[in-house]
Amino acid sequence: MARGGKAFKAVAKGVAVVASAAAVIERRRRAAMAADPHEPALPSSAAGHVPALVDAHVPALAEAAGPVPVPRADPAPAAGAVPAVEAVPPTAAPATAPAPVAHAPHTGLGREYHPGRPATPAEAVPWGLRVAAESTWRLLLLGAALYVVFYVVDMLRLVAFSVLASLLITALLEPSVSWLRRRGVPRSLAAGGVFLSGLAGIGLVGWFVVWQVSTNLSDVTTQVKTGVNQMRDWLVTGPLHLTQQQITDFANQITKAITTNTDQLTSASITGAQIAVEVLTALLMTFFTTFFFLYDGAKIWNWALRGLPRHSRFAMAGAGPKAWATLTAYVRGTVCVAFIDALCIGIGVDLLGVPLALPLAVIIFLGAFVPLVGALITGTVAVLIALVTQGPWTALMVLVVLVAVMQVESHILQPLILGRAVRVHPLGVVLGVAAGGIIGGIGGAVVAVPLIAVTNTVVTHLRRRNEAGQAVFTALEAAREAAERTAGRSAGQATGQAAERTAERTAAVQPAAPAAPATD
């Protein structure tokens with residue numbers, strides 16, 4: 001142990017000596033570099049003579065400008081000798097002459113100047129990392145702004161959804177108002193008549209659904225009970241081979257869960273009442289806003305334009321009509337596609353003998369306003385009713401009809417009816433519907449695709465407008481440069497012609513030179 005301790009102390013002393021020597025050498029090297037950054041590194045053998053070498057080789061950093069020494073001429077040069085250069089009076093050095101610059105240590109960094117070291121820490125960061133960092137904070141700022149927008153929309157969701165629903169309804173009814181206005185009908189009468197007609201149509205659709213459900217409710221209830229009994233028998237005698245006791249225990253568990261969660265159900269009923277009040281309020285606001293959009297849509301749009309910055313009004317004034325045309329084409333095409341989907345699925349369900357075919361068709365029509373997935377989701381209601389009333393084979397046939405109609409919609413109806421008016425990729429539609437459903441529920445899923453289509457139209461218009469403006473600017477700059485070059489050539493030609501005319505006039509005025517005398 002004693003020998004080990006002595007060995008450890010000896011090693012520690014050696015390391016300390018080496019560290020001290022390295023520190024001394026590093027301090028002397030830094031002192032030499034601070035004195036003259038362009039002096040090459042000294043060898044280790046000259047480390048003890050650094051101050052003397054620095055004093056001998058490093059010039060002064062700043063000197064006063066003195067006279068320039070010029071050789072003087074001899075007072076009496078010899079005959080035939082070349083005259084000496086004339087004496088030049090001493091002059092001060094020009095102000096633009098570069099003076100040696102002393103490279104002081106970096107302020108606040110505690111480091112001396114080094115040719116291979118960046119002037120600032122930012123210059124040491126790789127360019128790709130700089131771009132990634134700046135792009136990241138800009139994306140974070142944009143995400144924060146979108147979060148604030150969505151937060152405000154969520155707080156005012158009744159107003160936001162009412163306005164969006166009003167825009168969709170107005171886009172559907174506004175062509176009828178314009179047609180009546182072109183026929184000479186007053187604006188108030190045209191807007192009021194179309195609005196009341198649309199309201200009456202919505203009321204008739206709701207009454208028809210309620211009437212069909214109430215009329216066939218007893219028959220459907222009986223068929224549902226029969227279907228449940230058949231499903232229980234299939235669970236016992238089918239491939240699962242469940243027992244009556246297992247089925248009874250499962251039913252008892254469901255009943256117990258319902259009875260033990262009475263408080264949650266009560267709160268859910270209270271929440272349902274609040275939702276009903278909110279829905280009624282939203283409907284009233286939607287009807288009120290729709291009427292004024294039909295009556296004063298142009299004035300409202302002009303008022304919105306006046307709220308924009310002056311340099312943005314012309315661009316948005318051109319983008320607004322295109323966005324409205326896209327929204328109108330989307331709504332009318334969606335209504336047409338939804339009607340065809342509901343008609344085909346309703347006929348198929350009725351031919352298969354599934355009850356409530358007409359109400360199911362109406363539900364599918366309303367669900368088809370969510371593109372690609374709305375009719376498929378609402379069509380599952382028809383599959384479930386067919387399962388509990390007619391059996392699994394009928395439910396499978398209804399599912400086949402539903403999938404076939406969806407394929408026809410996505411590959412034929414959407415491209416043929418909507419065409420080039422709504423240029424949104426199917427992936428964008430699915431992702432937009434999913435994001436809208438997460439943010440705003442059913443209402444968000446309905447308005448997601450129209451918002452995407454309108455935004456795409458506005459962005460495309462603004463980009464093309466900027467490209468056209470850049471092209472016009474480039475053409476004007478080229479024309480200006482060509483005009484300047486033409487003017488320069490014309491001025492040069494005019495100057496040359498004027499010089500020629502001046503020379504001709506001078507030659508005409510001057511007398512002829514005398515002839516040289518003859519020499520023998």
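1. Helices here are DSSP runs of at least four residues, numbered from the N terminus. With that in mind, a few notes on this predicted model. On that count the chain has 12 helices and 0 strands, and reading along the sequence you simply get α-α-α-α-α-α-α-α-α-α-α-α. As for burial, 19% of the 520 residues count as buried.

2. Let me start with the nonpolar patch. Which helix gives the most to it? That would be H3, with 6 residues. H3 shares the job with H12, as each of these two helices supplies at least two residues. The members are Leu139, Leu142, Leu146, Val149, Phe150, Val153, Ile438 and Ile439, and together they make a surface patch of about 800 Å².

3. Ile438 deserves its own look within that patch. The residue is found in helix H12, and its relative accessibility is 74%. That value makes Ile438 exposed, because the cut-off for exposed is over 50%.

4. Helix H3 also carries a salt bridge. The side chains of Arg138 and Glu134 meet there, with N to O at 3.5 Å. Both residues sit in H3, which covers residues 127-155, and they are 4 residues apart, or about one turn of the helix. Are the two partners buried or exposed? Neither, quite: Arg138 is partly exposed with a relative accessible area of 45%, and Glu134 is partly exposed too, at 43%.

5. Now for a pair of another kind. Asp296 forms a salt bridge with Arg187, and the closest N and O atoms are 3.5 Å apart. This pair links distant parts of the chain: Asp296 belongs to helix H7 (residues 262-306) and Arg187 to helix H5 (residues 187-237), with their positions 109 residues apart in the sequence. Asp296 has a relative accessibility of 18%, so it counts as buried, the limit being under 20%. Arg187, at 29%, is partly exposed.

6. Over in helix H12 (residues 426-509), Arg480 and Glu484 lie 4 residues apart, about one turn of the helix. Their side chains meet in a salt bridge at 2.7 Å, N to O. Arg480 has a relative accessible area of 41% and is partly exposed; Glu484 is partly exposed as well, at 46%. Which residues are joined into one network by salt bridges that share partners? Glu477, Arg480 and Glu484 are. For the overall tally, the structure holds 4 salt bridges.

7. H12 also contributes to a charged patch. Lys322, Arg423, Arg463 and Arg464 gather on the surface in a patch of positive charge. One of them, Arg463, lies in helix H12 and is partly exposed, with a relative accessible area of 44%. Arg463 passes the patch threshold because over 30% relative accessible area is enough, provided the residue has no salt bridge.

8. Two glycines next. Gly318 has its place in helix H8 (residues 310-351) and counts as partly exposed at 28% relative accessibility. Which residue is 140 residues away from Gly318 along the chain, with a C-alpha separation of 9.1 Å? That residue is Val458.

9. The other glycine, Gly379, is in helix H10 (residues 374-389). Is Gly379 buried or exposed? At 2% relative accessibility, Gly379 counts as buried. Its C-alpha atom and that of Ile364 are separated by 6.1 Å, and the two residues are 15 apart along the chain.

10. Last, the cysteines. A disulfide is a covalent bond between the sulfur atoms of two cysteines. How many disulfides does the count come to? The count comes to 0. Two cysteines to look at while you have the model open are Cys336, which is partly exposed with a relative accessible area of 34%, and Cys344, which counts as partly exposed at 38% relative accessibility.

Key
Residues are numbered from 1 along each chain as its sequence is written. This is a predicted model: local features need pLDDT of at least 70, side-chain atom pairs count only at pLDDT 80 or more; totals for chains, interfaces and linings use all residues. Side-chain values use heavy atoms; hydrogens and water are left out. Buried means under 20% relative accessible area, exposed over 50%, partly exposed in between (1.4 Å probe, protein chains only). A disulfide is a pair of cysteine sulfur atoms within 2.5 Å. Patches are made of residues with over 30% relative accessible area and no salt bridge: like charges are joined within 9 Å, nonpolar side chains (Val, Leu, Ile, Met, Phe, Trp, Tyr) within 5 Å. Accessible areas come from the Shrake-Rupley method with a 1.4 Å probe; for residues, only the protein chains shown count as cover. Lys and Arg count as positive and Asp and Glu as negative; His and the chain ends are not counted. The place of a charge is taken as NZ of Lys, CZ of Arg, CG of Asp or CD of Glu.
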